[in-house]
Every structure is written in structure tokens, then in C-alpha cells.
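Pull up the model and keep the sequence open beside it. We'll take a walk from the overall dimensions down to a few individual residues.

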Amino acid sequence: MTLKLNSAGILGLGYYVPEKILTNADIEKLVDTNDEWITERTGIKERRICAPEQATSDLALIAAQRALEDAKVSAEELDMIIVATISADSNTPSTACILQEKLGAKNAAAFDLSAACSGFVYSSAIATQFIETGVYKKVLVVGAETLSKFVNWEDRNTCIIFADGAGAAVFGAVEDGYGVLSFDLGADGSGAETIEIPAGGSRHPADQESIDNHMHCLHMNGKETFRFAVKAMGSTVIKSLERAGLTKEDIDYLIPHQANIRIIQSAAKRLHLPMEKVFVNIEKYGNASAASIPIALAEAEQEGKLKKGEIIALSGFGAGLTWASCIMKWAKED
């Protein structure tokens, strides 16, 4: 029997995307592609690109400040900061520690989590456990990426997809019966090479070979990624629903990872959801990895699409390979 002291949920949301917009027309000048090809295969029309001087913590800071303001929580009240990212400011210290200092969150523990596009949901699961058990009262979860710095702009398989941005959520205790109801987290390391940055770690430290061969950039097997994602996106939500004692018919709104419009449509079909119940902003922002779901969640809430008491599903997949989903009974007031 599990002792549950609190119901954990989201108290506040915030997001930030860089000012620079890179359109499909701009991409056409870099690689052999066109707007029709990109739009048909991905659903992306434009993506946000950070300024040269911006690092991941800079994007995370603005999203975090907006989430704290929305939650009416001060930085000093935070007990923990988790930053989900695969584009950290540096290998060490963690981006979360850098963010802690920038926020002035002097009472918060801080660490990064690497689960790629599933990272925000993974991090939310950790935050939920601390809140439910009463160990901590306020946890900040941020998904933030500057993937444009890790893209080979001569590779049309990746440069058309990945983008920059940050989304944040403040977790805390909510009304009993509301908030997070269940999670499903998973991984399959046999697919590790499907999406990877081959160099820059201890296996292959940065050297002239890695630079010459763009090994410090994102590499992706598009066909294998698509095959994996189509299966993972829907099935993980079904598992979370089962754990919550709910069915597909109970979902009021789905917030999926914004990787590819065809993957999103496939997940909606598997869950018997009309696209009117699925939030999509990929056409504006591209794939911002760990930042994708929290940006979409914050934007959906900002647009008034999430109502208190509704069942909200989050679903993502990413490098690792990883997958994750979460079922919430929305606790936040309009």
C-alpha cells in the first residue's frame, strides 16, 4: 500500500521562445528542400532560433520567471529545480544550478535530467513524488533547449526539424483528487543510435575528427524514429490511463510532444481523439525536444483550452530511446 499525503499538480506555467524566426523559405536557402516537402512530412512552417549569445539557461530563466509569476510563488520558496535538457550550457555545472543562481532560488536543490523529448514528463514524475510524499512543497520543472547549436545545417534530415525554446511548470500540493493521477515512463536502450549526438562525451571526446564529421551534431534515423514514435506515443498514454483507472474516452485534451504532425495524428487516432482535442503548435515552433511539451501546455492554458476538472494527457518520446506519459485532472483555475 502506498501512503499518499498530498495530491500534486501544476500551480503555474510559463514559456519563452526566441525572437528569431527561421521559416521554411529560409531553410530552402541552406539545403535541397522546399516548403511543400517540409510541411507535408513534418507539419513545420517555421521554428525559433536563439541568438548566438543565448544559452539554454537564458531561455530557461525567462520561462521559469513567468511560471513563478503565474503560480504566485517566489524563487525563495522553491525546494527543488529540475531542468530537462540535452543541450545544457556545459557538461558541468548543471544548467539547473546555473538557473538556480539566476533566479535567486537559494533554498532549492538543483539538477539536470537527460531523457531528450521525454524529459519534461520524466522530470514531472520526479517532482510529483516529492510533493505527494510531503518531502518538498514547491518544485520547478523546466524543459529547455538550444538545439540550433547542435544541428548540422547541411543535413536536411535534422535542420528542418529541431528548434529552441523553454517551458516551465511549478508543482505543488493541489486540491485532493486533482492534479497528477498517473505516469508511464519507459526506455529501450537498444535503439540508442536512432537519435544521438555521437561525440562530445567520454566515449568520443571532441577532436578534429568529430568536428570534421559533424559528430557533435544531432544525428537521426528518420524512418526508425517515425516507426518507434507512432507506436510509443499512443501506447504509453493507454498505460497511464489504465493506472489511473480511466479509459481513452475520458481524455478531454491531449498535449503531445511536437515532433511531427503525422506522428501526432497517428497517436490521436489510436486514442480515438478528434484533432480538436489535441493541441498542436508544431507549425510555429518545430521540435524543441524537452521544451516541446511544456511550451505546448503553457500555450494551451494561455489560450483557455484547459478547464479545471478536465482530464489532460501528456505524451512524449525521444532519444534513448525513451517514452513517457502523464494523466492529470486539471487543478489550475482559469
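One bit of vocabulary before we start: contact here means heavy atoms within 4.5 Å, and angles between elements run from 0 to 180 degrees between N-to-C directions, with axes fitted to C-alpha atoms. With that in hand, helix α5 lies across β8, β12 and β13, and runs at about 130 degrees to β8. Keep in mind that what you're looking at is a predicted model.

Now zoom out. The chain's secondary structure comes to 11 helices and 13 strands. Its C-alpha atoms fill a box of roughly 55 × 45 × 35 Å along the principal axes. How does the radius of gyration sit against that of a compact globule? For 334 residues such a globule would be near 20 Å, and the chain has 19 Å, which agrees. Of the 334 residues, 55% are buried. The chain exposes about 14100 Å², with carbon and sulfur atoms supplying 49% of that area. Look at the contacts between residues at least 6 apart in sequence, and 77% of them turn out to join residues at least 24 apart.

Next, the sheets. One is an open sheet of five strands with mixed pairing, in the order β1-β7-β6-β4-β5. At its edges stand β1 (7–16) and β5 (109–113), each with a single partner strand, so one side of each has no neighbour in the sheet. From one strand to the next, the twist averages 20 degrees. Inside this sheet, β6 (residues 139–146) and β7 (residues 164–174) pair in the antiparallel sense over eight bridges. If you want a spot to check the register, E145 stands opposite G165 in β7.

Helix α4 (residues 95–103) is a good companion to that sheet: it lies across β4 (80–84), β5 and β6, running at about 130 degrees to β4. Which residues of α4 are buried? They are T95, A96, L99, Q100 and L103. Down the helix axis, these buried residues of α4 fall within an arc of 140 degrees, so they line one face of the helix. The general background is simple: an α-helix has 3.6 residues a turn, so residues three or four places apart point the same way. As for what that face meets, the buried residues of α4 pack against α3 (56–71), β4, β5 and β6. Just after the helix, G104 takes a positive phi of about 80 degrees.

The other sheet to look at is an open one of four strands, also with mixed pairing, in the order β8-β13-β12-β11. Its edge strands are β8 and β11 (253–256), and each pairs on one side only. Here the twist averages 15 degrees from one strand to the next.

Strand β13 (322–329) deserves a closer look. Seven of its eight residues are buried, so β13 is largely enclosed by the rest of the structure. Eight bridges join it to β8 (residues 179–187), and the two run antiparallel. Along that pairing, D184 stands opposite S325, while G179 has K329 as its bridge partner. Strand β12 is also joined to β13 by eight bridges, again antiparallel, with L314 partnered by C326.

Follow β12 into β13 and you go round a hairpin with three residues between the strands, where G320 takes a positive phi near 145 degrees. A319 is found in that loop, between β12 (311–318) and β13. Leaving aside neighbours within four places in sequence, A319 is in contact with A115, A116 and I195.

Two helix residues round off the tour. S240 is in helix α8 (residues 222–244), and at 0% relative accessibility it counts as buried. What does S240 touch, neighbours within four places aside? Its contacts are S182, F183, D184, S325, C326 and I327, and two of those names, D184 and S325, are the pair that stand opposite each other between β8 and β13.

Finally, return to α5, which covers residues 119–132 and includes E132. Is E132 buried or exposed? At 14% relative accessibility it counts as buried, because the cut-off for buried is under 20%. E132 and S7 are 125 residues apart in sequence, yet their C-alpha atoms are 5.7 Å apart in space.

Technical notes:
Residues are numbered from 1 along each chain as its sequence is written. This is a predicted model: local features need pLDDT of at least 70, side-chain atom pairs count only at pLDDT 80 or more; totals for chains, interfaces and linings use all residues. Side-chain values use heavy atoms; hydrogens and water are left out. Two strands pair if DSSP finds at least two bridges between them. Buried means under 20% relative accessible area, exposed over 50%, partly exposed in between (1.4 Å probe, protein chains only). The arc is that of the directions from the helix axis to the C-beta atoms. The radius of gyration is taken over C-alpha atoms; the globule rule is 2.2 Å times the number of residues to the power 0.38. Accessible areas come from the Shrake-Rupley method with a 1.4 Å probe; for residues, only the protein chains shown count as cover.
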